[in-house]
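Visitor: I should like to go through this structure with you, beginning with its aromatic rings. Where shall we start?

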Amino acid sequence: MFELLGYGFMQRALAAGAVVGVVAPLMGVFLVLRRLSLIADTLSHTALAGIALALLLGADPLWGALGTALLAAMGIERLRARGQISGEAALAVFLSAGYAVATLLLSLGGGFTPDLFIYLFGALTAVQPRDLWLLVPLGGTVLGVVGILYKELLAITLDEEASRTQGIAVDALNFLFSLIVAATVVVSMRVVGILLTGSLLALPPLAALRVARSFRASLGLSVAFGLTSVLVGLVASFYLNIAPSGAVILIALGLFAASTLLARG
């Protein structure tokens with residue numbers, strides 16, 4: 001088994017997978033409890049427009065994805081905070097816009113390319129050394145923000161209105177939360193692809209919440225389930241020659257099923 005560590009692409013994939021396995025489930029717990037799981041899908045699909053633009057211009061797709069994801073996150077939160085439209089409607093607007101812009105840019109660039117398919121579905125060889133220079137700091141930033149603002153994020157997750165009465169800057173925290181969710185989405189899609197990023201942010205937290213007895217326990221279990229899903233899925237992908245994204249999510253689904261059975265027992 002350890003021979004796979006002799007391959008540079010597997011070292012990079014496992015390093016990126018470790019970051020994703022911690023950050024995505026951690027943020028996913030907050031998203032699930034706030035009933036915002038679909039924002040991950042919206043941002044990942046919106047990021048497709050940024051990737052298409054970057055490929056068209058010959059730039060780094062990850063930077064394009066990060067830029068559009070951050071802009072979309074700010075736009076969604078702005079609409080939601082002002083009460084102009086409902087949160088679900090805001091997600092639908094940006095999801096539709098992302099698809100439309102991505103389709104237009106892809107048509108200008110000659111359609112789907114091998115590079116684009118890697119971003120859609122993920123690949124073991126997809127993570128390059130330069131990617132880690134972006135993914136690791138992004139993951140560290142997300143962890144740092146959650147660690148510093150843990151109590152405040154927990155408060156607005158459980159009850160926004162009560163948090164306002166306690167003097168917590170709810171609007172500013174929601175804005176910051178949206179930005180770190182966008183960063184999490186960009187980190188995750190490099191391993192599991194755009195199409196399954198939302199699943200990775202939802203399944204480990206859902207499994208953890210089935211069996212955990214406290215919020216802290218749910219965070220710990222979610223990260224454990226996420227790391228297990230990503231690392232086992234990547235190793236299975238290497239030996240079975242299957243898509244890493246599918247392998248990762250199937251492991252996550254298995255853990256969710258097991259936690260459901262355990263909770264019923």
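Guide: The model is a predicted one. Two rings of Phe, Tyr or Trp form a pair if their centres lie within 6.5 Å, and planes over 60 degrees apart make the pair edge-to-face.

Visitor: By this rule, how many aromatic pairs are there?

Guide: A pair of aromatic rings is described by the distance of the centres and the angle of the planes. With the centre distance as the test for pairing, the count is seven aromatic pairs.

Visitor: What is the geometry of the pair of phenylalanine 30 and phenylalanine 177?

Guide: Phenylalanine 30 belongs to helix H1 (residues 8-33) and phenylalanine 177 to helix H9, so to speak of distant parts of the chain is apt: they are 147 residues apart. Both phenylalanine 30 and phenylalanine 177 are buried. Their centres are 6.3 Å apart and their planes make an angle of 70 degrees, and the pair is edge-to-face.

Visitor: Why does the pair of phenylalanine 30 and phenylalanine 215 count as edge-to-face?

Guide: This pair also links distant parts of the chain, with phenylalanine 30 in helix H1 and phenylalanine 215 in helix H11 (residues 215-240), 185 residues apart. Both phenylalanine 30 and phenylalanine 215 are buried. The ring centres are 5.4 Å apart and the planes stand at 65 degrees, so the pair is edge-to-face.

Visitor: Which residue lies over the face of phenylalanine 177?

Guide: A charge sits over a ring if CZ of Arg is within 6 Å of the ring centre and within 35 degrees of the ring normal. At 4.8 Å from the ring centre of phenylalanine 177, the residue over its face is arginine 34.

Visitor: What span should H1 have, at 1.5 Å a residue?

Guide: Just after H1, arginine 35 takes a positive phi of about 60 degrees. H1 itself has 26 residues, and its end C-alpha atoms are 38 Å apart, which agrees with the expected span of 38 Å.

Visitor: Which helices each supply at least two residues of the lining of the largest cavity?

Guide: The structure holds three cavities of 30 Å³ or more, and the largest cavity has about 90 Å³ of space. Eleven residues line the largest cavity, and those nearest its centre are Leu36, Ile39, Glu77, Arg80 and Ser178. At least two lining residues come from each of helix H3 (61-82), helix H4 (87-108) and helix H9 (170-192).

Visitor: How do the residues of that lining divide into nonpolar, polar and charged?

Guide: Among the residues nearest the centre of the largest cavity are Leu36, Glu77 and Ser178. Leu counts as nonpolar, Glu as charged and Ser as polar. The lining of the largest cavity divides into five nonpolar, three polar and three charged residues.

Terms used:
Residues numbered from 1 in each chain as written. Predicted model: local features only at pLDDT ≥ 70, side-chain atom pairs only at ≥ 80, totals over all residues. Heavy atoms only, no water. 1 Å grid on protein atoms, 1.4 Å probe; cavity = no way out; pocket = protein on both sides within 12 Å on 5 of 7 lines; lining within 4 Å. Points joined across faces, edges and corners; volume = space filled by probe spheres on them. Helix = DSSP H or I, 4+ residues; strand = E, 2+ residues; numbered from the N terminus. Phe/Tyr/Trp six-rings, centres within 6.5 Å; stacked < 30°, edge-to-face > 60°. Buried < 20%, exposed > 50% of the residue type's maximum accessible area, 1.4 Å probe, protein only. Expected span 1.5 Å × (residues − 1).
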